[in-house]
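Grab a coffee and work through these exercises with the model open beside you. Try each task before you read its solution.

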Amino acid sequence: MKFGIVVFPGSNCDVDCYHAAKVILGQPTEYVWHQARDLSAYDCIVLPGGFSYGDYLRAGAIARFSPVMEAVATEAARGKLVLGICNGFQILLEAGLLPGAMRRNDHLQFRCEVRHVRLENSRTPFTHLGRAGEVLALPIAHAEGNYYIGSQELEEIARHSQIVWRYCDTQGNVTPAANPNGSLENIAGIINKRGNVLGLMPHPERAVEALTGGTDGKLVWTSILKWWEVQHA
Amino acid sequence: MFKASICVTLRQGILDPAGQAVKSGLHSQGFGAVEQVRMGKFMELILNTHSENEASDLVRAMCAQLLANPVMEEYTFTLETLV
């Protein structure tokens, strides 16, 4: 399985994502510059975290017009896996590949800490090795993770099980106190209706080694690989 | 030539954390009359167009495509003829 890690000017989690795919999963992995126009060689495309284009205007607003984003949309339409983490999630929202938008955190602070999320949908290519209700400890690091979506669309994404993770306490209770940014209904990650484009604010690539922040993030990476192996068996 | 002055704010009804922080700052300074603060972005564009209609069409297109996010933001603008 071949991974492509997209690098925008201002990406800063690209190396961590590369490590997760290349070293942890042991799969062929390449960096892809944001000027690339053809991503057909990759089975999974990762939009990493960071501050693409300095977050000017809105986080992800300018990156979304990079040449590579047309290729991302093309591959997403073909059913390829697309994973957007943090700034990558913001870019997917701005590009309209996922529904909703990201506001500044309700307390206006940048939050960099380990938080807990509850897995709501374990039937996606990105989460099928987990179980619904499972609590993961994952690092977050953002100032704009306050997810918003109109009430009608919220009902729709809930009805289609598109809400994949919610912020929770260590026991898995979804409470206002467990919400690190004011995100609507504690939403931490969502998937598109087709089930091949996923965005999340927490950083699974920063939680793949016991030495540095735990291994709960491995669930995402190993699920992706296993899913692909089953498809190509 | 026209000068477009564009104001982008969060849509009414969407929580504006920065606006609330500024409001409570003003209250603590004794400006109790402040009922609401909306924070936003101000952009000034110089447009090389000949008609005001063309200029407003351009501004609307740019706001829809990039300058504002219609999911959560709204915008207003004024145009001024430059001589």
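**Exercise 1: Sizing up chain A**

In chain A, residues 24 or more positions apart account for 76% of the contacts with a separation of 6 or more. Keep in mind that this is a predicted model.

Task: work out whether the radius of gyration of chain A agrees with that of a compact globule of 233 residues, or disagrees.

Solution.
- Start with the inventory: chain A holds five helices and eleven strands.
- Next, look at the extent. Along the principal axes, its C-alpha trace spans about 45 × 40 × 35 Å.
- Now compare. A compact globule with 233 residues would have a radius of gyration near 17 Å, and chain A has 16 Å, so the two agree.
- Burial can be added to the picture: 55% of the 233 residues of chain A count as buried.

**Exercise 2: The same check on chain B**

Task: find out how the radius of gyration of chain B stands against the globule rule for 83 residues.

Solution.
- List the elements. Chain B has two helices and three strands, and from the N terminus on they run β-α-β-α-β.
- Apply the rule. The radius of gyration of chain B is 16 Å, well over the 12 Å that the globule rule gives for 83 residues, so chain B is more spread out than a compact globule.
- Check the box: the C-alpha atoms of chain B fill roughly 50 × 30 × 15 Å along the principal axes.
- Then turn to burial, where buried residues make up 14% of the 83 residues in chain B.
- Finish with the contacts. Of those in chain B between residues at least 6 apart in sequence, 68% join residues at least 24 apart.

**Exercise 3: The sheet of chain B**

Task: give the strand order of the open sheet in chain B, and say which strands stand at the edges.

Solution.
- Lay out the order: the three strands go β2-β1-β3 (chain B), and the pairing is antiparallel.
- Read off the edges. β2 (40-47) and β3 (73-81) of chain B each have a single partner strand, so one side of each is left without a neighbour in the sheet.
- Look at the turn from strand to strand: direction ignored, neighbouring strands of this sheet are turned by 20 degrees against each other on average.
- Zoom in on one pair. β1 (residues 2-10) of chain B and β2(B) pair in the antiparallel sense over eight bridges, and Phe2(B) has Leu47(B) in β2(B) as its bridge partner.
- Finally, add the helix. α2 (residues 52-67) of chain B packs on the sheet and touches β1, β2 and β3 of chain B, with its direction at about 35 degrees to that of β1(B).

**Exercise 4: Ile163(A) and its strand**

Task: decide whether Ile163(A) is buried or exposed, and place its strand among its partners.

Solution.
- Locate the residue: Ile163(A) lies in strand β9 of chain A.
- Count around it. Ile163(A) has 21 other C-beta atoms within 10 Å, so it is buried.
- Widen the view to the strand: six of the six residues of β9 (residues 163-168) of chain A are buried.
- Find the partners. β6 (residues 111-119) of chain A pairs with β9(A) in the antiparallel sense over four bridges, with Val117(A) opposite Tyr167(A). Three bridges join β9(A) to β10 (residues 187-191) of chain A, also antiparallel, and there Trp165(A) has Gly189(A) as its bridge partner.
- Come back to Ile163(A). Beyond its neighbours within four places in sequence, its contacts include Asn121(A), Ile157(A) and Ile187(A). The C-alpha atoms of Ile163(A) and Asn121(A) are separated by 7.0 Å, though the two are 42 residues apart along the chain.

**Exercise 5: Nonpolar cores**

Task: which residues have the most contacts inside the largest nonpolar core?

Solution.
- Recall the general tendency: in soluble globular proteins, nonpolar side chains tend to be buried together.
- Name the centre of contacts. The largest nonpolar core has 75 residues, and Val6(A), Cys44(A), Val46(A) and Leu92(A) have the most contacts inside it.
- See which helix contributes: α5 (residues 218-231) of chain A gives the most to this core, with six residues.
- Then look elsewhere. Another core, of eight residues, lies apart from the largest one and includes Ala4(B), Ile6(B), Ala55(B) and Leu67(B).

Terms used:
Residues numbered from 1 in each chain as written. Chains lettered and ligands numbered in written order. Predicted model: local features only at pLDDT ≥ 70, side-chain atom pairs only at ≥ 80, totals over all residues. Rg over C-alpha atoms; globule rule 2.2 N^0.38 Å. Buried ≥ 20, exposed ≤ 12 C-beta atoms within 10 Å, placed from the backbone. Contact = placed C-beta atoms within 7 Å. Pairing = 2+ DSSP bridges. Axes fitted to C-alpha atoms, helices over the stretch in contact; angles between N-to-C directions. Core = buried A, V, L, I, M, F, W, Y, C linked by C-beta atoms within 7 Å.
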